[in-house]
Amino acid sequence: IPIYASGWNLISYPIPETRPVVTALQSISGTYSIVYGYEATDTADPWKVYAVGEPEWVNDLDNLVFGRGYWISATQSITLHLRGADYDSADGSASAMPMVPTTYYGRVESGAGFTPVAGMTLTAWIDDHLCGRAVLTDVAGYGVAYAVNVMADDDGAYDGCGATGRDVVFRVNGQMMGPSASWNSDQVWEVVLEPQHVLHLPLLMRSYADVVNLA
C-alpha cells in the first residue's frame, strides 16, 4: 500500500485477520507517528489512537481490523508491505472515515476551591461548539488525568470544530481550565490543565445629572 507523502494518509487494512498495530505496521516502523481508527458503534468515543512513544493509557487503538480504514501520519513517502486483497466493510471502512481529530492528554491540577477527581467530565470547546468529551481517570504515578479527542470541522455534527490554529478551551464539570490549546493534528499533545478564575469587576454607572453636577 503506497504512503504517498508525509502527513496524513488514509488506508484500508486488507489483511483478513486482526493484528496489533505495531505488528501490522512493522514494515514502516520509524516512519509514522500516529494512527487513528474510527469505530462508529462506540458513540461515546469513536476515535481510537495509537501514538508512538505516548503513555499506554493515552493509546486506545490496539489492533488493526480487516476491512477498516485508518489514518496514518507518516514522516515520509514509503510503501506499507502487507499481504491480502483489498476489502471494504460497511462499518469503519476507508470510504466512511471522517477527518482525524486532535488528541490532547495530561494531568488535571487542583486549584483554589477546585479538586479534580476520577469520574468528572471534561469537555473541549472551540468558540461555542462542543467538540470533545472525556471522563477523568486516576493514573498511577501520574495523577488525575484526561485524554480527549477534539473533533475536526466536518460541516455536519461537528461544524465549527477543529481546524489548524483554532483555540481549544477545556472545562471540567463546568470549571474553566487552562491553558487553552491550538488545534493541530500533526501530533498528540500533552497539556497539563489547572483551574482558571475569571475576575468580575463591578460596573460603575453615572446619570447625566451626576455628570452635569460634577462639571
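A contact means heavy atoms within 4.5 Å. The model is predicted, so local features need pLDDT of at least 70 and side-chain atom pairs count only at pLDDT 80 or more, while totals for chains, interfaces and linings use all residues. Residues are numbered from 1 along each chain as its sequence is written, and side-chain values use heavy atoms, with hydrogens and water left out.

**Exercise 1. Describe the protein as a whole.**

Solution.
- Step 1: Start with contacts that have a separation of 6 or more; 66% of them are between residues 24 or more positions apart.
- Step 2: Count the elements. Helices (H or I, at least four residues) and strands (E, at least two) are DSSP runs, numbered from the N terminus. The protein has two helices and 17 strands.
- Step 3: Look at burial. Buried means under 20% relative accessible area, exposed over 50%, and partly exposed in between, with a 1.4 Å probe and protein chains only. Of the 215 residues, 40% count as buried.
- Step 4: Take the surface. Accessible areas come from the Shrake-Rupley method with a 1.4 Å probe; for residues, only the protein chains shown count as cover. The protein has an accessible surface of about 11700 Å², and carbon and sulfur atoms hold 51% of it.

**Exercise 2. Find the disulfide and state what it ties together.**

Solution.
- Step 1: Apply the rule, a pair of cysteine sulfur atoms within 2.5 Å. The count is one disulfide.
- Step 2: Name the pair. Cys-131 is joined to Cys-161, with an S to S distance of 2.1 Å.
- Step 3: Place the two residues. Cys-131 is in strand 11 (residues 129-135) and Cys-161 is in the loop between strand 13 (143-150) and strand 14 (167-172), so the pair ties together parts that are 30 residues apart in sequence.
- Step 4: Give the handedness and burial. The link of Cys-131 and Cys-161 is left-handed, with -95° about the S-S bond. Cys-131 and Cys-161 are both buried.

**Exercise 3. Trace the open sheet that contains strand 11.**

Solution.
- Step 1: Two strands pair if DSSP finds at least two bridges between them. The open sheet has five strands in the order 11-10-14-15-17, with antiparallel pairing.
- Step 2: Strand 11 and strand 17 (194-195) are at the edges with a single partner strand each, so one side of each has no neighbour in the sheet.
- Step 3: Six bridges pair strand 11 with strand 10 (residues 121-126) in the antiparallel sense. Ile-126 is opposite His-129 in strand 11.

**Exercise 4. Decide how strand 4 is enclosed and what it pairs with.**

Solution.
- Step 1: Strand 4 (residues 32-38) has five of its seven residues buried, so it is largely enclosed by the rest of the structure.
- Step 2: Strand 4 and strand 7 (residues 69-74) run antiparallel and are joined by five bridges. Here Tyr-36 stands opposite Trp-71.
- Step 3: Strand 4 also pairs with strand 5 (residues 47-51), in the antiparallel sense over five bridges. Lys-48 in strand 5 is the bridge partner of Gly-37.

**Exercise 5. Describe the backbone at Pro-179, Asp-155 and Asn-173.**

Solution.
- Step 1: The Gly-178 to Pro-179 peptide bond is cis, with omega near 5°. Pro-179 is in strand 15 (residues 175-182).
- Step 2: Asp-155 is not a glycine, yet has a positive phi of about 60°. Asp-155 sits in the loop between strand 13 and strand 14 and is exposed, at 71% relative accessible area.
- Step 3: Asn-173, also not a glycine, has a positive phi of about 50°. Asn-173 sits in the loop between strand 14 and strand 15 and is exposed, at 51%.
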